[in-house]
Amino acid sequence: KKKMGMAYNKYVNLLRVTKSMSLLKNTSKSIVEIVSECGFGTQRGFNRNFYGELGMTPSDYRKKDAEK
């Protein structure tokens, strides 16, 4: 916690969300595939963590990136 500046769980989930952002942006994999690949136990947990970090759903993130 001292080295990372945050709780271990939060750090791990941030890494998972960061990886999922890359997959959403650079692949056409389904969100279900990304959930599994990034190590989230459930899609609900993934959505909650993703929204908590970015303030938008994974689907909205993918759509927003596609508009660029």
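A residue is called buried here when its relative accessible area is under 20%. By that cut-off Tyr 61, with a relative accessible area of 14%, is buried. This residue offers a convenient way into the model, which is a predicted one.

Tyr 61 belongs to an aromatic cluster that also takes in Phe 40, Phe 46 and Phe 50. The structure holds three aromatic pairs. One of them joins Phe 50 and Tyr 61 in an edge-to-face arrangement, with 5.7 Å from centre to centre and 70 degrees between the planes. This pair links distant parts of the chain, since Phe 50 sits in helix 3 (residues 43–54) and Tyr 61 in helix 4 (residues 58–67), eleven residues apart. Phe 50 has a relative accessibility of 0%, so this residue counts as buried too.

Helix 1 comes into the picture through Ser 20, which has its place in that helix. Ser 20 is buried because its relative accessible area is 0%. Leaving aside residues up to four places away in sequence, Ser 20 touches Ile 34, Cys 38, Phe 46 and Phe 50. Two of these partners, Phe 46 and Phe 50, are thus found both beside Ser 20 and in the aromatic cluster. As for Ile 34, its C-alpha atom lies 6.3 Å from that of Ser 20, with the two positions 14 residues apart in sequence.

Another serine makes a helpful companion case. Ser 30 lies in the loop between helix 1 (8–26) and helix 2 (31–37). Its relative accessibility is 33%, and therefore Ser 30 counts as partly exposed. From Ser 30 to Thr 57, 27 residues apart along the chain, the C-alpha separation is 14 Å.

Turning to the protein as a whole, the fold has four helices and zero strands, in the order α-α-α-α from the N terminus on. The radius of gyration is 12 Å, close to the 11 Å that the globule rule gives for 68 residues, so the protein is as compact as a globular protein of that length. Along the principal axes, the C-alpha atoms fill a box of roughly 40 × 25 × 20 Å. Among contacts with a separation of 6 or more, 43% involve residues 24 or more positions apart.

Of the 68 residues, 26% count as buried. The protein exposes about 4,900 Å², of which carbon and sulfur atoms supply 52%. Finally, there are 14 positive and 6 negative charges, and the mean positions of the two sets are 10 Å apart.

Definitions and conventions: Residues numbered from 1 in each chain as written. Predicted model: local features only at pLDDT ≥ 70, side-chain atom pairs only at ≥ 80, totals over all residues. Heavy atoms only, no water. Helix = DSSP H or I, 4+ residues; strand = E, 2+ residues; numbered from the N terminus. Buried < 20%, exposed > 50% of the residue type's maximum accessible area, 1.4 Å probe, protein only. Rg over C-alpha atoms; globule rule 2.2 N^0.38 Å. Contact = heavy atoms within 4.5 Å. Areas by Shrake-Rupley, 256 points an atom, 1.4 Å probe, with all protein chains shown as cover. Lys, Arg positive; Asp, Glu negative; His and termini not counted. Charge placed at Lys NZ, Arg CZ, Asp CG, Glu CD. Phe/Tyr/Trp six-rings, centres within 6.5 Å; stacked < 30°, edge-to-face > 60°.
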